[in-house]
Structures are given as structure tokens and as C-alpha cells.
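The following exercises ask the student to read a protein model step by step. Each task is followed by a worked solution.

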Amino acid sequence: MFSILVVTVFLASCLAMPIKDPYSYSSAVGQGLGTPFASYGEGRITGVRVWEINNNYYYYYYYYNSNAYISGFQLRYGSTWSPVFGREGGEKQEMELFNDEAIVEVSGKYNPADYICKLVLTTNMGRTLSAGQPNQVSFNFYPANMGNELRLLSGRFNGAGITSIGAHWGLVNMEGAGNSTLETALQTVTPTYS
């Protein structure tokens, strides 16, 4: 009888424990003027495109970088690309993610007076996409909860580029998403009964 009471008290205390919020937000950095945006799509992020403007020039053998910044970006959810946030100006960097690969860190540099200068997206497999120049103030975004990944980017842009950026983290429900690696793993782990 005592063991039933102990198990009941234990289970009741487990139910009373607060559930951790499965989502987190990394507050936006940057000037924050212009049109607001928030990327969207269904499923896991499977690709990224980032456009950068590099106003580099040489003057008598000296290299100058004047006002390099991120002009726009685009995320692919599953097989569908989101709209371009900002604009497709300048040089394009692109990365396609592998099955079971997710973005787990967003970092870079921003100029408090105008644009995001550098954007680096890092995956759980250690791969990175890096665009822009390492000027100005650093920022580093990552999820508050283990197992979470980048779900969307939000912020503001104007006619020239991205003026602020923030990151939203969460879990991805891969049920029915067609991720063959995950489906294969579940089939090998889940017992079947006849």
C-alpha cells in the first residue's frame, strides 16, 4: 500500500511540474527602420540564400571596404522557397541542407546606424553559410532549449537591405514531412507486433 502511495505522489508531482516552453526568441538587433518581415513555411528549413553588397575598392594598392551589408535573404521550407526579404542585390551565397540537418546558430555583425553587415548561419553538422563583411557590432543567436532549431527569421528591411534581424527557435514536427532518414530510423527503432 505504501509503494502505491509513493508512486501516486511521484506521478502527481511530475504532472505539477511546469512544462518548458518549446519555443524561444532571440531579440532583434539593428536599427529597425523599414518594412517588417517574418519568414514562414511548413516543415524544416532545407535551404538558405543570402545576398550581400560589397562596396570594396582599391586606391593606390590599399584595400577599402565601405559600407558592406546584407541586402536580402530567402529560406526554403521543405521544397518551397519563401519570398525574398529585402532584395536580390549583389553577390548571392546559397546553402542546401542535408536530411536531418538544421540551423542551430545565427550570428554576424550589424551597424547600429543602418544595416546588418554580416550573417553567418551554422548547422548541427558544423556547416556554415557566411555572407557580408566582419564590421561593426557582433551578435550571436542560439536556441534556449536543447533540440530546437531555427524556425523563422524576423526583422525589418528598407529599399537597400536588411536593417534588423531576430531569430525564432522551436521544434519541428517531422511527421508526414517525407524525411526519409527520420522515417527509416523510426522504422528500425519502433517494434512491430503481429
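The exercises below treat confidence, a sheet, salt bridges, a buried charge and backbone angles in turn.

**Preliminary remarks**

This is a predicted model, in which local features need pLDDT of at least 70 and side-chain atom pairs count only at pLDDT 80 or more, while totals for chains, interfaces and linings use all residues. Residues are numbered from 1 along each chain as its sequence is written, and side-chain values use heavy atoms, with hydrogens and water left out.

**Exercise 1. Confidence**

State the average pLDDT of the protein and the share of residues that score at least 70.

Solution. Step 1: pLDDT is the predictor's confidence in each residue, from 0 to 100. Step 2: the average for the protein is 82, and 73% of the residues reach a score of at least 70. Step 3: for residues 176-194 the pLDDT is below 50, and this stretch has ten contacts beyond near neighbours in sequence. Here contact means heavy atoms within 4.5 Å.

**Exercise 2. An open sheet**

Determine the order in which four strands form an open sheet, and identify the edge strands.

Solution. Step 1: recall that strands (E, at least two residues) are DSSP runs numbered from the N terminus. Two strands pair if DSSP finds at least two bridges between them. Step 2: the order is E1-E15-E14-E2, with antiparallel pairing. Step 3: E1 (24-30) and E2 form the edges, since each of them pairs on one side only. Step 4: from one strand to the next the twist averages 15°, where axes are lines fitted to C-alpha atoms and angles run from 0 to 180 degrees between N-to-C directions. Step 5: within this sheet, eight antiparallel bridges connect E14 with E15 (residues 162-170). One bridge can be located by residue: Leu 150 has Trp 169 of E15 as its partner.

**Exercise 3. Salt bridges of Arg 44**

Find the residues that Arg 44 joins by salt bridges, and place each partner in the chain.

Solution. Step 1: a salt bridge is a side-chain nitrogen of Lys or Arg within 4 Å of a carboxyl oxygen of Asp or Glu. The structure holds six of them. Step 2: one links Arg 44 and Asp 100, at 4.0 Å from N to O. Arg 44 belongs to the loop between E2 (35-38) and E3 (45-53), Asp 100 to the loop between E9 (91-96) and E10 (103-110), and the two are 56 residues apart. Step 3: another links Arg 44 and Glu 149, with the closest N and O atoms 2.8 Å apart. Glu 149 is in strand E14, 105 residues from Arg 44. Step 4: compare accessibility, where buried means under 20% relative accessible area, exposed over 50%, and partly exposed in between (1.4 Å probe, protein chains only). Arg 44 is buried because its relative accessible area is 15%, and Glu 149 is buried because its value is 6%. Asp 100, at 26%, is therefore partly exposed.

**Exercise 4. A pair between two strands**

Which strands hold Arg 49 and Glu 94?

Solution. Step 1: these residues form a salt bridge whose closest N and O atoms are 3.3 Å apart. Step 2: Arg 49 lies in strand E3 and Glu 94 in strand E9, so the bridge ties together parts 45 residues apart in sequence. Step 3: Glu 94 has 38% relative accessibility and therefore counts as partly exposed. Step 4: shared partners also join Arg 44, Asp 100 and Glu 149 into one network of salt bridges.

**Exercise 5. A buried arginine**

Give the distance from Arg 151 to the nearest side chain of opposite charge.

Solution. Step 1: Lys and Arg count as positive and Asp and Glu as negative, while His and the chain ends are not counted. Step 2: Arg 151 is in strand E14 (residues 149-157). Step 3: this residue is buried without a salt bridge, and the nearest opposite charge, on Glu 149, is 5.1 Å away. Step 4: beyond four places in sequence, its contacts include Arg 44, Tyr 77 and Trp 169.

**Exercise 6. Positive phi**

What is the approximate phi of Asp 100, and what is that of Gln 136?

Solution. Step 1: most residues other than glycine have a negative phi. Step 2: Asp 100 has a positive phi of about 65°. Step 3: Gln 136 has a positive phi near 80°. Gln 136 lies in the loop between E12 (128-132) and E13 (137-141), and its 46% relative accessibility is why it counts as partly exposed.
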